[in-house]
Amino acid sequence: MRMAKLFGRTVREVPADAEFPSHQLMVRAAMIRPLGAGIYSLMPLGYRVIRKVEAIIREEMDRIGGQEMLMPFVHPAEIWKETDRYYLVGPELTRFKDRGSREMVLAMTHEEVVADLLRTDVNSYKQLPQIVYHLQSKWRDEPRARGGLIRVREFTMKDSYSLDMDEAGLDESYRAHEVAYNRIFNRFGLDFIKVGADVGMMGGSKSEEYMAFSPMGEDTILICENGDYAANREVAVFQSFPQSDEEMLPLEEVETPNASTIQGVADYLNVPLSHTAKAVFFMAGEQFVFVVIRGDLDVNETKLRNLLDAGDLVPATAEQIAAVGAVAGYASPIGVHDATVVVDQSVANARNLVAGANKHGYHVINSNVGRDYEADYIADISAATAGHLCPNCGQPMIARRAIEIGNIFKLGTRFTEAMGATYLDQNGKSHPVVMGSYGIGVGRSAATAVEQYHDDRGIKWPITIAPFHVSLLSIGKDADVLEACDALYDSLTASGVEVLYDDRNERPGVKFNDADLIGNPIRLSISRKTLDADEVELRLRTDDQSINVPQEGIVPHIRQLIDGLMAEYVSLA
RNA sequence: CGGGGCGUAGCGCAGUCCGGCAGCGCGCAGCGUUCGGGACGCUGAGGUCGGAGGUUCGAAUCCUCUCGCCCCGACCA
């Protein structure tokens, strides 16, 4: 591609709203352009990256026997009603009516469509197992789209669906996807990890996420450095604190003026936070939920929601708190009524904690669950943080931020049962098809690569997904320099090398800066000086030194260089 | 949904408090000088000041409504 003809220009200044490095750099490099909140055009340069990402996904999905197809982006609402998701999913599912007043939705995923296809096209065990996949637009009306391609509302996702006769078959399909996903993300060059995740309202039996490390990540993951545990903070567990063997001491009320925060109470009474019981209030529908947790821990709302099997869980209001007899700032379950009391195991394992007295300006010391108040649930509902002990080996865990780039999910028969997608086994007996679903964010993967590979000058694409292998720059305006560049461009292109040829009438500084910004892995330049020496200057985007190589044999040289760079990713895969 | 902020040339911004010629930088076009890390000079094009209504002799500026966008929180594959 000749840059003089390229649609889209690089820009020096970035839109004020771009926060993430990948957002800024991809806009500056003319790869993406916003159309609305969370809605982007992929410019020619950016779309080349996306197509490479998609090509790698296709290769690896085909390798595990996936069959590519394409399912619609607009669905009749009816199938979403059949599985209840029409009602369960919030406003991120966009609903509308067509001209005939028929209810429709914009696809955010395709389980229903797959199940619908199964009803008509798969009736026999002879037609199973199967893996189907597609690369299709999705629309999720996120409350807060941000960060360029990291979190958008319209996006392309690879979603695949495994269709098996039974759980054993699902296990196999799931493992096949693990293999494929490992290869895919390694070929993208990403630094990632697979972690345990929440199954949420999808109701499946197992879910794991592929997480790429990035300080810009919206998720926190807990990792045991021994390699025997890694989980999203939403579900991460840790070794519970040992049961205290202290004697229970008499409950005693103490005055704690102006100590309405747990830290304030701990300071005032000069006890560690871990020796206090903190009260947190939620409403699960109409039910008031009174959570008691050790003062040094935070509630993990996902764990709490799963424990209570509560669809929605929202913080309680001041009125709701007062209505059960609790005094905000000085609250404990002692003497409250009409509340579901959930006690974290950290509190149950401790003795003689400081807690609220439900009286303004007073706390109690030596509170003990079971003696001073009853728990409806005693469970692990606390959020794991760095330093908590690995549930498997007991070593302290670390916490890292990460971007979710893919997930794999054992759905089971949640959808096929609801939609009557069954097959007949050898004995003529009917069973629901057992499904798995597996996603990869295409644009997000590309943007995540930028997050992981950039410097202050621009992007440093892994060669597997770079828009071009080579940036070729003509330096100066001498006719024979330009001729030499044209010739090199033609011969490289003819041999299959992808070249972005900066043939613009620009000063060298502009060209160098744009080449660094766009981030193709190999840069070649020809100038008066190099031409006179029958050489071409070569520089890798990852290096800060350039070398001159003879013009003679340059094409095979570059081909070899590309193969070598590619090999690094293939060997990982 | 709650809180905060911003909409002025393609991009980044000033001007708004205190009403009175719509500006600056980058980019863009032309000419000239320059040419190995985002050059310089001259000339020029480019604006419903997000939109609607109101106040006023006069509104980018004040008032009301509205739309869009961003940030924090809530929520969420």
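**A three-stranded sheet and the surface around RNA strand B**

In this predicted model, strands 13, 19 and 18 form an open sheet of 3 strands, in the order 13-19-18, with antiparallel pairing. Strands are DSSP runs of E with at least two residues, helices are runs of H or I with at least four, both numbered from the N terminus, and two strands pair if DSSP finds at least two bridges between them. Local features need pLDDT of at least 70, and side-chain atom pairs count only at pLDDT 80 or more, while totals for chains, interfaces and linings use all residues. Residues are numbered from 1 along each chain as its sequence is written, chains are lettered from A and ligands numbered from 1 in the order written, and side-chain values use heavy atoms, without hydrogens and water.

Me: Which strands stand at the edges of the sheet?
Reply: Happy to look! An edge strand here has a single partner strand, so one side is left without a neighbour in the sheet. That describes strand 13 (252-255) and strand 18 (353-359).

Me: What is the bridge partner of Leu-353 in strand 19?
Reply: Strand 18 and strand 19 (residues 362-367) pair in the antiparallel sense over 4 bridges. For Leu-353, the partner in strand 19 is Ser-367.

Me: Which element gives the largest share of the surface near RNA strand B?
Reply: Near means that a heavy atom of the residue lies within 4 Å. Elements giving two or more residues include helix 8 (301-308) and helix 14 (508-518). The largest share, 7 residues, comes from helix 14.
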